[in-house]
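User: Hey, got a minute to walk me through this model? I'd like to start with the overall fold and then get to the ligand.

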Amino acid sequence: MNPLLDQPAATPEEIAALEAGMARLVGGDRDVVLVPAEAILALEAIAASVAAPGRRALNVVTGPYGAIFGGWLRRGGADVLDLATPFDEVVAPDAVAAAVASHRPEVLAIVHAEAATGGTNPMAEIAAIAREAGALLVVDAVSSIGAEPVPAAQWDADFVAIGGQKSLAGPPTPSAVAVSERGWALVDANPHAPRGSSLSLTDWRDVWIRGDRSAVPGLPSWLDVRAMLAALDRLETERGDAGEGRLGRAPVPLVHRR
Ligand SMILES: *Cc1c(COP(=O)(O)O)cnc(C)c1O
């Protein structure tokens, strides 16, 4: 037998372990939808699930992925205000607060940390602004997850995109989306949210999370599933304390300029 090629499909137990490991990364109290594709598809699924004609969204753009996300919200008919910073800057909470006051968004989307610059947006402050405004919070944590705490419940984050191949040092798939109860309520109430689609978040939820987890929906790559389990194991061993970043030190913040 070739140990790399001749392996059985990922089992329901392995998928459940991966789901639980991903959930622990964001504090352990969110449903996690596994997406058998790279995180860019998870992000498109979130955008497609929350966008609706006329829905107001504030999209913070501190790098390329924020810009792409805004485009997907617009494609779904949303009324999007992009709040963009220069390439090497993170966003200032004051600027977010001002944009929230003028645009009154129902959805606020932001990238937690930018892989290209190492800039980490001040999430606690921005989450507080979103909460105060009653806006749903979408966090792209693809590059930060593993290196920095992503306390989804503390931030009241409704959708958190998780990817494997940045700070997790794992394979690029499966990616994942952690969803809050409020997030699910919005998707369920959105007639424009994809269903029966690779961009659907509810397909996986209905078959797997709300099922008995005995049958894996689709066939996630077994090689990637096992590699991701190994990456999560390694991270948890490295960490000891789940609240600490992978490197055990705070990220270097970029300047906030107005
Ligand atoms: C890399 C990255 C993505 C896309 O992830 P892929 O797995 O490459 O599709 C999305 N958002 C951020 C912030 C990233 O750094």
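Analyst: Sure. One definition to begin with: helices here are DSSP runs of H or I with at least four residues, strands are runs of E with at least two, and both are numbered from the N terminus. Keep in mind too that this is a predicted model.

User: Okay, how many helices and strands does the protein have?

Analyst: The protein has nine helices and seven strands. Its radius of gyration is 18 Å, close to the 18 Å that the globule rule gives for 258 residues, so the protein is as compact as a globular protein of that length.

User: And what does the C-alpha trace span along its principal axes?

Analyst: About 60 × 45 × 25 Å.

User: On to the ligand. Which residues are closest to the ligand?

Analyst: E38, I40, D140, Q165 and K166 are the closest, out of 13 residues that surround the ligand.

User: What does the side chain of D140 do there, distance-wise?

Analyst: An N or O atom in the D140 side chain sits 2.6 Å from a nitrogen atom of the ligand. By itself the ligand would expose 380 Å², and the protein buries 95% of that.

User: What about the oxygen atoms of the ligand?

Analyst: The E38 side chain has an N or O atom 3.2 Å from a ligand oxygen. For A39 the backbone is involved: one of its N or O atoms lies 3.2 Å from an oxygen atom of the ligand.

User: Which helix gives the largest share of the shell?

Analyst: Helix α2, residues 39–50, with three residues. By type, the shell around the ligand splits into eight nonpolar, two polar and three charged residues.

User: Switching topic: how many cavities of 30 Å³ or more are there?

Analyst: There is one. The volume of the largest cavity is about 70 Å³.

User: What lines the largest cavity?

Analyst: Its lining includes L43, N59, Y65, F69 and D140. D140 is also among the residues closest to the ligand. The elements α3 (64–75), β4 (107–111) and β5 (136–140) each supply at least two lining residues. In terms of residue type, the lining has seven nonpolar, two polar and one charged.

User: Last thing, the backbone. Where is the cis peptide bond?

Analyst: Between T173 and P174, with omega about -10 degrees. P174 is in the loop between β6 (159–162) and β7 (175–179).

User: And what is the phi of A169?

Analyst: A169 has a positive phi of about 55 degrees, although A169 is not a glycine. That residue lies in the loop between β6 and β7. For context, most residues other than glycine have a negative phi, and most peptide bonds are trans.

Technical notes
Residues are numbered from 1 along each chain as its sequence is written. This is a predicted model: local features need pLDDT of at least 70, side-chain atom pairs count only at pLDDT 80 or more; totals for chains, interfaces and linings use all residues. Side-chain values use heavy atoms; hydrogens and water are left out. A residue is near a molecule or strand if one of its heavy atoms lies within 4 Å of it. A polar contact is a pair of N or O atoms within 3.5 Å; within protein, one must be able to donate a hydrogen and the other to accept it, and residues adjacent in sequence count only if both atoms are side-chain atoms. Accessible areas come from the Shrake-Rupley method with a 1.4 Å probe; for residues, only the protein chains shown count as cover. Ala, Val, Leu, Ile, Met, Phe, Trp, Tyr, Cys and Pro count as nonpolar, Asp, Glu, Lys and Arg as charged, and the others, Gly among them, as polar. On a 1 Å grid over the protein atoms alone, a cavity is a set of points where a 1.4 Å probe fits but cannot get out, and a pocket is an open set with protein on both sides within 12 Å along at least five of seven lines; lining residues have an atom within 4 Å of a point. Grid points are joined across faces, edges and corners, and a volume is the space filled by probe spheres set on the points. The radius of gyration is taken over C-alpha atoms; the globule rule is 2.2 Å times the number of residues to the power 0.38.
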